[in-house]
Amino acid sequence: MSRYMFKVTYSAAGMQGVMKEGAEHRQAFIAKMAAGMGGSLESFDFGFGDTDVYAICEISDDETAAAIAMAIGASGAGSCQTVKLLTAAQVDRARGIQTGYQAPG
C-alpha cells in the first residue's frame with residue numbers, strides 16, 4: 001500500500017454540497033469509498049486558502065489513486081491534485097541509489 005494526499009478544491013456546486021450535507025458526512029463518504037477500494041482514509045482536513053480539503057489515504061496502487069482523482073475532477077464538484085507520499089525509510093533507500101546524473105554545464 002502507498003500513501004497519497006489528495007488536495008481538493010471545491011467548485012461552487014461542490015461547496016454547496018458540503019454546506020447541505022455537512023463536512024463530517026463528506027469525511028465518512030470518503031472513508032467508505034477508500035475502504036471499498038481496499039484502502040483506508042488516514043486523515044481528512046479542511047483548510048483555508050486555495051485548497052479546501054487535504055485527505056491522506058492508503059491506496060493499493062497508482063492506478064487506483066488516479067481513478068479517484070479523475071472521478072473527483074469529472075464530477076464537476078472540484079479539482080484534485082494528487083501527491084504520492086514517501087516514508088523516511090523510502091527516501092533513505094532512494095538516496096542510496098546512484099543515478100549517474102550530472103547537472104548541465
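Let's start at one residue and work outward: Asp 62 has a relative accessible area of 40%, so this residue counts as partly exposed. Keep in mind as you follow along that the model is predicted. Asp 62 forms a salt bridge with Lys 84, and the closest N and O atoms of the two are 3.1 Å apart. Asp 62 belongs to helix α3 (residues 62-75) and Lys 84 to strand β4 (residues 78-85), so the bridge ties together parts that are 22 residues apart in sequence. Lys 84, with a relative accessible area of 42%, is partly exposed too.

With that pair in view, we can step back to the whole fold. The protein has four helices and four strands. Read from the N terminus, the order of the elements is β-α-α-β-β-α-β-α. The radius of gyration is 17 Å, well over the 13 Å that the globule rule gives for 105 residues, so the protein is more spread out than a compact globule. If you prefer to think in terms of a box, the C-alpha atoms fill one of roughly 55 × 35 × 25 Å along the principal axes. One pair of residues gives a feel for such distances: Gln 90 and Lys 20 are 70 residues apart in sequence, and their C-alpha atoms are 41 Å apart in space. Gln 90 sits in helix α4, where its relative accessibility of 31% makes it partly exposed.

Next come the surface and the contacts. Of the 105 residues in the protein, 24% are buried. The exposed area comes to about 7,100 Å², with carbon and sulfur atoms supplying 56% of it. If you take the contacts between residues at least 6 apart in sequence, 65% of them join residues at least 24 apart.

Charges are the next stop. There are 8 positive and 11 negative side chains in the protein, and the centres of these two sets lie 2 Å apart. Searching the whole structure turns up three salt bridges, one of which is the Asp 62 and Lys 84 pair we began with.

Another of the salt bridges joins Arg 3 and Glu 42, whose closest N and O atoms are 3.1 Å apart. This pair links distant parts of the chain, with Arg 3 in strand β1 (residues 2-10) and Glu 42 in strand β2 (residues 40-46), 39 residues apart. On the Arg 3 side, a relative accessibility of 27% counts as partly exposed. Glu 42 is also partly exposed, at 40% relative accessibility.

The bridge between Asp 92 and Arg 95 has its closest N and O atoms 3.1 Å apart. Both residues lie in helix α4 (residues 88-95), three residues apart, which is about one turn of the helix. Asp 92 is partly exposed, with a relative accessible area of 43%, whereas Arg 95 reaches 65% and is exposed.

Now let's turn to some buried residues. Ile 59 is found in strand β3 (residues 53-59). Its relative accessible area is 1%, and since buried means under 20%, Ile 59 is buried. Leaving aside residues up to four places away in sequence, Ile 59 touches Met 1, Ser 2, Tyr 4, Thr 64, Ala 65 and Ile 68. Ile 59 and Lys 7 are 52 residues apart in sequence, with their C-alpha atoms 15 Å apart in space.

One of the contacts of Ile 59 is Thr 64, which takes us back to helix α3. Thr 64 is buried, at 15% relative accessibility. Again not counting residues up to four places away in sequence, Thr 64 touches Met 37 and Ile 59.

Our last stop is Thr 51, in the loop between β2 and β3. Although Thr 51 is in a loop, its relative accessibility is 10%, and this residue counts as buried. Beyond residues up to four places away in sequence, Thr 51 touches Lys 7, Val 8 and Thr 9.

Technical notes. Residues are numbered from 1 along each chain as its sequence is written. This is a predicted model: local features need pLDDT of at least 70, side-chain atom pairs count only at pLDDT 80 or more; totals for chains, interfaces and linings use all residues. Side-chain values use heavy atoms; hydrogens and water are left out. Helices (H or I, at least four residues) and strands (E, at least two) are DSSP runs, numbered from the N terminus. The radius of gyration is taken over C-alpha atoms; the globule rule is 2.2 Å times the number of residues to the power 0.38. Buried means under 20% relative accessible area, exposed over 50%, partly exposed in between (1.4 Å probe, protein chains only). Contact means heavy atoms within 4.5 Å. Accessible areas come from the Shrake-Rupley method with a 1.4 Å probe; for residues, only the protein chains shown count as cover. Lys and Arg count as positive and Asp and Glu as negative; His and the chain ends are not counted. The place of a charge is taken as NZ of Lys, CZ of Arg, CG of Asp or CD of Glu. A salt bridge is a side-chain nitrogen of Lys or Arg within 4 Å of a carboxyl oxygen of Asp or Glu.
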